[in-house]
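Grab a pencil and keep a molecular viewer open. Below are some short exercises, each followed by a solution that goes step by step.

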Protein chains: 2
Amino acid sequence: MLPQEIIRKRRDGEPLARQELEFFFQEFMEGNVSDEQMTALLMASFYAPPTMDEALALTDIFIRSGSRIDLSAIPGVKVDKHSTGGVGDKTSLLLVPIAAAAGVRVPMISGRALGHTGGTLDKLESIPGFNVHPPPSAIVRQLSEIGMVMAGQSADIVPLDRRIYALRDVTSTVEILPFIAASIMSKKIAGGADALVLDIKAGRGAFMRERVQAEELALLLAGVGRHFDLPTVGIITNMDEPLGYAIGNWLEVVEVVDCLQGRETPDLMEVTYALAGLMIHLGRKAQTVSEGIAVARDVVRRGLAFEKFLELVHAQGGDPSYIQETLRYRNAEAAVEVVALCSGVLHGVDARALGLLAVELGAGRKQPTDEIDPTAGIVLAKKIGEHVEEDEVLCRLYSSAAHDLVHFRERVREAFSIGDREIPRADKIFSYFDSDTIVPWSPESRAP
Amino acid sequence: MLPQEIIRKRRDGEPLARQELEFFFQEFMEGNVSDEQMTALLMASFYAPPTMDEALALTDIFIRSGSRIDLSAIPGVKVDKHSTGGVGDKTSLLLVPIAAAAGVRVPMISGRALGHTGGTLDKLESIPGFNVHPPPSAIVRQLSEIGMVMAGQSADIVPLDRRIYALRDVTSTVEILPFIAASIMSKKIAGGADALVLDIKAGRGAFMRERVQAEELALLLAGVGRHFDLPTVGIITNMDEPLGYAIGNWLEVVEVVDCLQGRETPDLMEVTYALAGLMIHLGRKAQTVSEGIAVARDVVRRGLAFEKFLELVHAQGGDPSYIQETLRYRNAEAAVEVVALCSGVLHGVDARALGLLAVELGAGRKQPTDEIDPTAGIVLAKKIGEHVEEDEVLCRLYSSAAHDLVHFRERVREAFSIGDREIPRADKIFSYFDSDTIVPWSPESRAP
């Protein structure tokens, strides 16, 4: 078999046999298929129809490329969560302490910023001292002791995905369903969780712009989960505008702290409570999803989730004093306000455009080796549907890099569209799904 | 501008502005766009509709990436030739001495093996001592003194293409019309020729399998030529079966010597004489194309072309004694015969399959750094339409690598299909084209 012949077959829409995929990835691991050849296969796969067979084959190849974590010694149902990535999506930082406060064990494996979206690990690393790569023994101990851990994929878990993830990010080959499915599910399966909750984003700020695409992915993921004995449920959520107010690593941590202390961002907490309800239900700490949601609200209201967050930061080497007093943190060197040029109703806030602009400000990476500026980003002052007056602030930009923020302001303003009529509130959560079904979301949605 | 955003736009079928293409290639030259990102753009371009605008923009970017050769001090019309590449296509080695023997000056710039097809430079290098990279001053002097030179692209001519060519070869991104057009035409324009003759291959052994695709490329190439003041004409030829008998570097040199000494392979010489006729006509050494063809036949018949070939080999450091006595050359270490399993008429000889098998035998490269075995390859004993008897030899395989040639034989045999009826002779040359027109080929075809 020649690698370029396998690429050509994929390019020309011919089916690839499982052993051709296995050969190609095996040779890639051994250095005989180059990064360029892998990229060519990835881009050609963008145009090929996604199939469950390919998702299962890739997931299997991915899992077998490394070792698996065994958490069976720890009692209880271990529940992990994954989001397909959005702009301003900091729900993971909220869910881990909320679910843990409810008694669910959460071994969460997270990733880096990808494309125009942020990454949980980058957000955590903005907390001074926070270690996202504790050794495996520490992960097991921490999960046992405080019921939660937030870590990056360790080098020996799905090493293949690690290399391919870096390639996909910079080559615009992220949005390929079977690869997304294999990337997500292989890590979750190898990570040792007993159940998984998914947040599949749909909209202009998501990798899946169309709901139908998001639904296709949802069924692929839940189907792979079932095949590998990992019960998987989730929701499809709206990512047309950024989630919450903050975009950028430390800025998002501050918003998380605000929410855990009772200053709740409505759209962000609506999505967070739905996911938390699913996790608490799957973790057998509530009889139904709606009861799980009630438990989640309760642990936030009583401050237990905030206490858990401090405990998490402390356990992973972070300095909790920055969480207790976020103003202690150094500010970005430059900040400017973007104001509205006219009065009206905010009709659109382009999440994708703001995500890309935040990357340019320093909140993300253009190349895998780029350093992230933890203080950089954008904080919205208005959300879709709100009234704005001429000269009223739409958002604030923060950066420490040598940017011409005044010039930048014009590009940011273009992401906001103002109309003259009231608009109906858009749904934040579209659907609930598991491996059998997709139904419109309600807190009464069934979970296995 | 972010490279991955430019890739995404191309991937999603959005038009790319000229300055986006310029930015992307400029950053590639400076090392800020990686090989993987270039590959992603290439593969996504495979699915984008080809346009003349893009071909012109790319050609311009390619030319400006390096310097240009000035041949204006040399009198006469300098005519170059290019083939889009086929299996067994050794016409360049025939055309240079034939056209030069007719008095046309031929500054030919050639390439390496690409995918399943051979490369003129690799064939020339199989001649002991032959230097395909003479310094620019030697190229001009040789062209002046003996009227011909065969050289690889020098490092300072279109350096951008050099890098991209290597990528395309191993990533199955060769067949992208605007890139093919830019790659071919930028080198020819920067190479300093006054006119250009093209051989566009169509069929299962060509990069363009369909004639309609080959015609689209033909008009793109001739249009780019006109835009950059390089008169460009050509023919579209049949590449369903290999051209001539030999596939593999030294094996093809031997077939060239045979043809120049009067043992002519019919299909190979039909194509060669048509191209030579165009070159001799464009070079103003014949009033018409058919007169050019007659001149070409004459210089071969009288042995003048063979003399010219010896002169060329000598001028570029090669040892002419191997050309005068090809049996002096060391043989491949292993050779086996592939015989027919039944009697009948040869209906098909799959050029693409044999090209790929020849690469595996050592005649081409799987990776850019692979070494070529000059003695490796396949020599056909039969051509399509000929009768074969059971146990009669179809072809012979040669290799010095540690291959199980007996096992290999089975895969080679599958490239031959035998039927029980006579079949009509297929056209070898389909069409003549220039920047204005494509018409069915005849030796009376008009050339500007």
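**Exercise 1.** In which sense do strand S8 (residues 344–349) of chain A and S12(A) pair, and over how many bridges?

*Solution.* Before you start, note that this is a predicted model, where local features need pLDDT of at least 70 and side-chain atom pairs count only at pLDDT 80 or more, while totals for chains, interfaces and linings use all residues. Residues are numbered from 1 along each chain as its sequence is written, chains are lettered from A and ligands numbered from 1 in the order in which they are written, and side-chain values use heavy atoms, with hydrogens and water left out.

Step 1: find the strands, which like helices are DSSP runs numbered from the N terminus (strands are E, at least two residues; helices are H or I, at least four). Step 2: look for pairing, which takes at least two DSSP bridges between two strands. S8(A) and S12(A) are joined by four bridges, in the antiparallel sense. As an example, A:Gly348 has A:Ser417 in S12(A) as its bridge partner. Step 3: widen the view, and you get an open sheet of three strands in the order S10-S8-S12 (chain A), paired antiparallel. Its edge strands are S10 (387–388) and S12 (416–419) of chain A, each of which pairs on one side only.

**Exercise 2.** Work out how strand S4 (residues 195–202) of chain A sits among its surroundings.

*Solution.* Step 1: check burial (buried means under 20% relative accessible area, exposed over 50%, partly exposed in between, with a 1.4 Å probe and protein chains only). Eight of the eight residues of S4(A) are buried, so the strand is largely enclosed by the rest of the structure. Step 2: see where the residues point. A:Ala195, A:Val197, A:Asp199 and A:Lys201 go one way, and A:Leu196, A:Leu198, A:Ile200 and A:Ala202 go the other.

Step 3: identify the partners. Strand S1 (residues 79–83) of chain A runs parallel to S4(A), with five bridges, and A:Asp80 is partnered with A:Leu196 there. Strand S5 (residues 232–238) of chain A is also parallel to S4(A), with seven bridges, and A:Ile235 in S5(A) stands opposite A:Asp199. Step 4: follow the chain from S4(A) through helix H10 (residues 211–227) of chain A to S5(A), a right-handed β-α-β crossover. Right-handed here means that, with the strands pointing away from the viewer, the path from the first strand over the helix to the second runs clockwise.

**Exercise 3.** Is A:Ser431 buried or exposed, and what does A:Ser431 touch?

*Solution.* Step 1: place A:Ser431 in strand S13 (residues 429–433) of chain A. Step 2: read its relative accessibility, which is 2%, so A:Ser431 counts as buried. Step 3: list contacts (heavy atoms within 4.5 Å). Leaving aside neighbours within four places in sequence, A:Ser431 has contacts that include A:Arg211, A:Glu215, A:Ile235 and A:Trp441.

**Exercise 4.** Describe how chain A and chain B fit together.

*Solution.* Step 1: superpose the copies (least squares on the C-alpha atoms of residues with pLDDT of at least 70 in both). A turn of 180 degrees and a shift of 0.0 Å along the axis lay chain B on chain A with an RMSD of 0.0 Å. That's the relation of a two-fold axis. In chain B, the C-alpha nearest the axis belongs to B:Glu36, 2.3 Å away from it.

Step 2: count the contacts: 30 residues of chain B meet 30 residues of chain A. Step 3: get the buried area (the accessible area, with a 1.4 Å probe, that two parts lose on being put together, summed over both). The two chains bury about 2800 Å² between them, 54% of it on carbon and sulfur atoms. On the chain B side, B:Arg11, B:Glu36 and B:Tyr47 lose the most area to chain A, together 23% of what that side buries.

**Exercise 5.** Which parts does the salt bridge of A:Arg10 and A:Glu54 tie together?

*Solution.* Step 1: confirm the salt bridge (a side-chain nitrogen of Lys or Arg within 4 Å of a carboxyl oxygen of Asp or Glu). The side chains of A:Arg10 and A:Glu54 meet at 2.9 Å, N to O. Step 2: locate the ends. A:Arg10 is in helix H1 (residues 3–11) of chain A and A:Glu54 in helix H4 (residues 52–64) of chain A, so the pair ties together parts 44 residues apart in sequence. Step 3: check burial; both A:Arg10 and A:Glu54 are buried.
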